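Trainee: I am new to this structure and would like a close look at a single part of it. Could you take me through the packing of the helices, starting from one pair and working outwards?

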Amino acid sequence: MPKSSEPGTRPLSARLLVAFGRFWWDFLVGDTPELFVAMLVILGITVLLAKAVSTTAAWATMPVLVVAALVASVLRGRRTG
Amino acid sequence: MTSSAIVLVVAVFLASSVEMVEALTIVVAAGVSRGWRSTFQGVAAALAVLGVLVAALGPAIVHWVPIDSLRVVVGAILLVFGLQWLRKAVLRATGYKDKHDEDAIFAEHVAEMQAKAPAASGRDSVGFAVAFKGVFLEGLEVVIIVLTLGTTDHNLGLAALAAGAAALIVGAIGVVVAKQLAGVPENAMKMGVGLMLVSFGTFWSGEGLGVHWPGKDLAIPVLVGVYAAVAFIVVRAVGAQRARQLHGPDQPPGVSHAQVV
């Protein structure tokens with residue numbers, strides 16, 4: 001007798017929910033979790049700078065952080081592909 | 001037309017073209033090995049579902065989601081997605097990742113589908129399903145790009161038009177070249193799309209978080225230029241390192257334009 005948690009026995013709504021979650025996970029995280037984390041860090045630092053320092057500091061820093069994230073991920077990708 | 005609208009059209013057009021080339025490989029493989037009638041039915045069904053998604057979700061997003069929240073969420077998605085494309089394009093350009101070989105993928109799909117038993121009569125469910133899945137899954141990324149860029153820039157119609165134009169043009173070229181999709185400079189296109197998505201992502205998420213960009217919309221092409229320069233430098237530096245690894249220290253540094261394409 002199949003377990004109730006097996007995909008074939010789950011109700012349609014649960015399967016759709018799992019598929020939806022899996023799609024967004026693959027789409028946003030996938031095999032580059034460092035880029036997802038970097039995005040959260042970039043947005044966090046940007047909102048801090050914009051609110052606590054100045055908008056000039058925020059717009060000047062944001063692209064630098066994006067570039068740093070790209071370079072770090074490419075360097076990691078040289079090892080992992 | 002504003003500078004952001006121009007970048008939007010180019011980004012959506014290129015992204016749709018890249019995804020269309022990948023979908024076309026699957027569609028042509030399905031058509032050749034399983035027959036064209038069911039394949040075209042699968043393509044039409046997938047396009048209809050994707051069209052309904054854009055028509056249903058687009059206006060709902062614009063109507064219900066506050067603009068600043070929309071910009072932060074959309075900007076974050078574009079930032080991650082664009083960085084993923086850019087990273088992949090850089091790694092492919094420098095030889096650390098294999099290029100997307102449409103010829104090999106085509107041969108693989110044809111062999112796989114020819115191994116399955118042909119339909120007894122009527123619609124071929126394998127051809128239909130493969131064509132539907134190929135177009136739907138590749139198209140879903142385009143739908144997300146159209147929805148995110150189109151709704152945030154208040155230009156959903158323009159974004160959808162650009163995607164539709166890309167679908168028509170790549171489709172028409174596909175009819176002519178059929179199995180020669182490997183000739184499409186996919187990596188260069190992917191690099192271009194990555195640059196634009198990252199630029200839009202930076203701009204919109206910044207705006208949503210309270211950043212006032214100098215020059216407003218004009219900041220977008222400036223960001224594209226800055227990121228393009230960085231990507232060029234990274235490709236040169238990492239490519240030179242790769243060449244030294246493969247051929248020793250005597251190899252001249254840098255990579256050629258042909259490698260990027």
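**How the helices pack**

Mentor: In the contact between H1(B) and H2(B), Val27(B), Ala30(B), Gly31(B) and Arg34(B) of H1(B) meet Trp36(B), Ser38(B), Thr39(B) and Val43(B) of H2(B). Sorted by class, the residues of this contact of H1(B) with H2(B) are four nonpolar, three polar and one charged. The model is a predicted one, and what follows should be read with that in mind. The axes of H1(B), residues 3-34, and H2(B), residues 36-64, come within 7 Å and cross at roughly 150 degrees. Because angles over 145 degrees count as roughly antiparallel, H1(B) is roughly antiparallel to H2(B).

Ser38(B), which belongs to that contact on the side of H2(B), also leads to another helix, since Ser38(B) is among the contacts of Phe128(B). Phe128(B) lies in helix H5 of chain B, residues 125-152, and, leaving aside neighbours within four places in sequence, Phe128(B) is in contact with Ser38(B), Gln41(B), Gly42(B) and Arg123(B). Of these, Gly42(B) is 86 residues from Phe128(B) in sequence, yet the two are 4.4 Å apart in space, C-alpha to C-alpha. Is Phe128(B) buried or exposed? Phe128(B) has 23 other C-beta atoms within 10 Å, and because 20 or more are needed for a residue to be buried, Phe128(B) counts as buried.

It helps to set these details against chain B as a whole. Chain B has nine helices and zero strands, so that its pattern along the sequence is α-α-α-α-α-α-α-α-α. Of its 261 residues, 49% are buried, and among the contacts in chain B with a separation of 6 or more, 85% are between residues 24 or more positions apart. The largest nonpolar core has 93 residues, and those that touch the most other members are Ala11(B), Val12(B), Leu86(B), Val90(B) and Val146(B). H1(B), the helix with which we began, gives the most to this core, with 17 residues.

Two of those core residues, Leu86(B) and Val90(B), take us to the other chain. Chain A has three helices and zero strands, running α-α-α from the N terminus on, and 22% of its 81 residues count as buried. Between the two chains, 27 residues of chain B are in contact with 25 residues of chain A. The elements of chain B that give two or more residues to the side touching chain A are H3, helix H7 (186-208) and helix H8 (219-247). H3(B) provides the largest share of that side, 10 residues, and by class the side divides into 19 nonpolar, six polar and two charged residues.

Which helix of chain A packs against H3(B)? Helix H3 of chain A, residues 55-80, packs against helix H3 of chain B, residues 67-93, at an angle of about 45 degrees, with the axes 10 Å apart. H3(A) and H3(B) are therefore oblique to each other, and H3(A) passes H3(B) in a right-handed crossing. Ala69(A), Leu70(A), Ser73(A), Val74(A) and Gly77(A) make this contact from H3(A), and Leu83(B), Leu86(B), Arg87(B), Val90(B) and Leu91(B) make it from H3(B). The classes in this contact of H3(A) with H3(B) are seven nonpolar, two polar and one charged.

H3(A) also packs with H8(B), where the axes come within 11 Å and cross at roughly 25 degrees. Because angles under 35 degrees count as roughly parallel, H3(A) is roughly parallel to H8(B), and H3(A) passes H8(B) in a right-handed crossing. Here Pro63(A), Val67(A), Val71(A), Val74(A) and Arg78(A) in H3(A) meet Leu223(B), Val226(B), Val230(B), Val234(B) and Val238(B) in H8(B), and by class the contact of H3(A) with H8(B) has nine nonpolar, no polar and one charged residues.

Val226(B), from this second contact, has 18 C-beta neighbours inside 10 Å, and counts as partly exposed. Val226(B) is 100 residues from Val126(B) in sequence, and 46 Å from Val126(B) in space, C-alpha to C-alpha.

Val90(B) draws these threads together. Leaving aside neighbours within four places in sequence, Val90(B) is in contact with Val74(A), Ala231(B), Val234(B), Val235(B) and Val238(B). Among these, Val74(A) takes part in the contact of H3(A) with H3(B) and also in the contact of H3(A) with H8(B), while Val234(B) and Val238(B) belong to the H8(B) side of the latter.

Key
Residues numbered from 1 in each chain as written. Chains lettered and ligands numbered in written order. Predicted model: local features only at pLDDT ≥ 70, side-chain atom pairs only at ≥ 80, totals over all residues. Axes fitted to C-alpha atoms, helices over the stretch in contact; angles between N-to-C directions. Helix = DSSP H or I, 4+ residues; strand = E, 2+ residues; numbered from the N terminus. Parallel < 35°, antiparallel > 145°, perpendicular 65-115°, else oblique. Left-handed = near helix turned anticlockwise from the far one by under 90°. Contact = placed C-beta atoms within 7 Å. Nonpolar A, V, L, I, M, F, W, Y, C, P; charged D, E, K, R; others polar. Buried ≥ 20, exposed ≤ 12 C-beta atoms within 10 Å, placed from the backbone. Core = buried A, V, L, I, M, F, W, Y, C linked by C-beta atoms within 7 Å.
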